[in-house]
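Please look through the sequence and the model below before reading on. The report that follows takes up single residues, then the interior, the charged pairs and the chain as a whole.

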Amino acid sequence: MQERSIEDYLPQIMSLNPTDLIEWCRKRKQFLGLSNQRLAEQSGVPVGTIDRIMAGKYTEYRYSSIQPIVAVLIGIQEDTPKPENADAQQVQNYYDTIEGYKLIVENKNHVIEELKATCEQLTKEVEYLKNENERKHQTIVRQQEHARWLESIVDDLRKRLM
């Protein structure tokens, strides 16, 4: 059985939900013995952002913030030189694959934002329809009360005419 490297798990790592991805980052950072300051230096992400992410208070992070952190934690850095003994096409394919994953995550984030906007719009429409339904219901109730009042007048007139 072929042994897999940590880079083989990049798609699974980046597809984690925000809470699980942050938990993975915390555990990996601890395993590597990195401080938030050292992680900031290696990733280029401000230490304040890393502090918030690692504290779990920042689950609405941007891909551009989390990607460099994950890259450092799995050992892939933008400035990492390509291995000299690797086939150039394999290396290029590897980097192309990583870029593809980046695009997938960016697209996923865009879709999530679109879904949030659609959800907000639908929530507003549902609220409007509820209010409109309530208004119409009140109108019907008033009309029924008016019809009963008119019926009582008609009944009263019939009794007097008889």
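In this predicted model, Ser-35 has a relative accessible area of 36% and is therefore partly exposed, since that value falls between the 20% limit for buried residues and the 50% limit for exposed ones. Ser-35 belongs to the loop that runs between helix 2 and helix 3. Although Ser-35 and Asp-51 are 16 residues apart along the chain, their C-alpha atoms are separated by 9.9 Å.

A second loop residue can be described in the same way. Gly-56 sits in the loop between helix 4 and helix 5, and with a relative accessible area of 32% Gly-56 is partly exposed. Which residues does Gly-56 contact, once its neighbours within four places in sequence are left aside? They are Ile-22 and Arg-26. Between Gly-56 and Arg-26, which are 30 residues apart along the chain, the C-alpha atoms are separated by 9.3 Å.

**The interior**

In soluble globular proteins, nonpolar side chains tend to be buried together. The largest nonpolar core in this model has 20 residues, and those that touch the most other members are Cys-25, Leu-39, Ile-66, Ile-69 and Val-70. Two or more residues are given to this core by each of helix 1 (10-14), helix 2, helix 3, helix 4 (47-54) and helix 5 (63-74). Helix 5 makes the greatest contribution to this core, with six residues.

Is Cys-25 buried or exposed? Its relative accessibility is 0%, so Cys-25 counts as buried. Another cysteine, Cys-119, has a relative accessible area of 46% and is partly exposed. A disulfide is a covalent bond between the sulfur atoms of two cysteines. When pairs of cysteine sulfur atoms within 2.5 Å are sought, the count comes to zero disulfides.

**Charged pairs**

How many salt bridges does a search of the whole structure find? The search finds six, and the table sets out three of them, including the distance between the nitrogen and oxygen atoms of each pair.

| Salt bridge | N to O distance |
|---|---|
| Lys-27 and Glu-23 | 3.9 Å |
| Arg-38 and Glu-41 | 3.4 Å |
| Arg-160 and Asp-156 | 3.5 Å |

Lys-27 and Glu-23 are both part of helix 2 (residues 18-32), where they are four residues apart, or about one turn of the helix. Lys-27 has 53% relative accessibility, and because the limit for exposed residues is 50%, Lys-27 counts as exposed. Glu-23, by contrast, has a relative accessible area of 29% and is partly exposed.

Arg-38 and Glu-41 both belong to helix 3 (residues 36-43), and they are three residues apart, which is again about one turn of the helix. The relative accessibility of Arg-38 is 41%, so Arg-38 counts as partly exposed.

Arg-160 and Asp-156 both lie in helix 6 (residues 88-161), four residues apart, a spacing of about one turn of the helix. With 64% relative accessibility Arg-160 counts as exposed, whereas Asp-156, at 36%, counts as partly exposed. Salt bridges can also share partners, and in this way Glu-23, Arg-26 and Lys-27 are joined into one network.

**A nonpolar patch on the surface**

Nonpolar residues are found on the surface as well, where Trp-149, Leu-150, Ile-153 and Leu-157 make a nonpolar patch of about 370 Å². One of these residues, Leu-157, has its place in helix 6. Why can Leu-157 be part of a surface patch? Residues in such a patch need over 30% relative accessible area, and Leu-157, which counts as partly exposed, has 47% relative accessibility.

**The chain as a whole**

With these parts in view, the whole chain can be described. The chain has six helices and zero strands, so that, read along the sequence, its pattern is α-α-α-α-α-α. Of the 162 residues in the chain, 23% are buried. The area that the chain exposes is about 12,300 Å², and carbon and sulfur atoms supply 53% of this area. Finally, among the contacts between residues at least 6 apart in sequence, 62% join residues that are at least 24 apart.

Conventions:
Residues numbered from 1 in each chain as written. Predicted model: local features only at pLDDT ≥ 70, side-chain atom pairs only at ≥ 80, totals over all residues. Heavy atoms only, no water. Buried < 20%, exposed > 50% of the residue type's maximum accessible area, 1.4 Å probe, protein only. Contact = heavy atoms within 4.5 Å. Areas by Shrake-Rupley, 256 points an atom, 1.4 Å probe, with all protein chains shown as cover. Salt bridge = Lys/Arg side-chain N within 4 Å of Asp/Glu carboxyl O. Patch = residues over 30% accessible without salt bridge, like charges linked within 9 Å, V, L, I, M, F, W, Y side chains within 5 Å. Core = buried A, V, L, I, M, F, W, Y, C linked by side-chain atoms within 4.5 Å.
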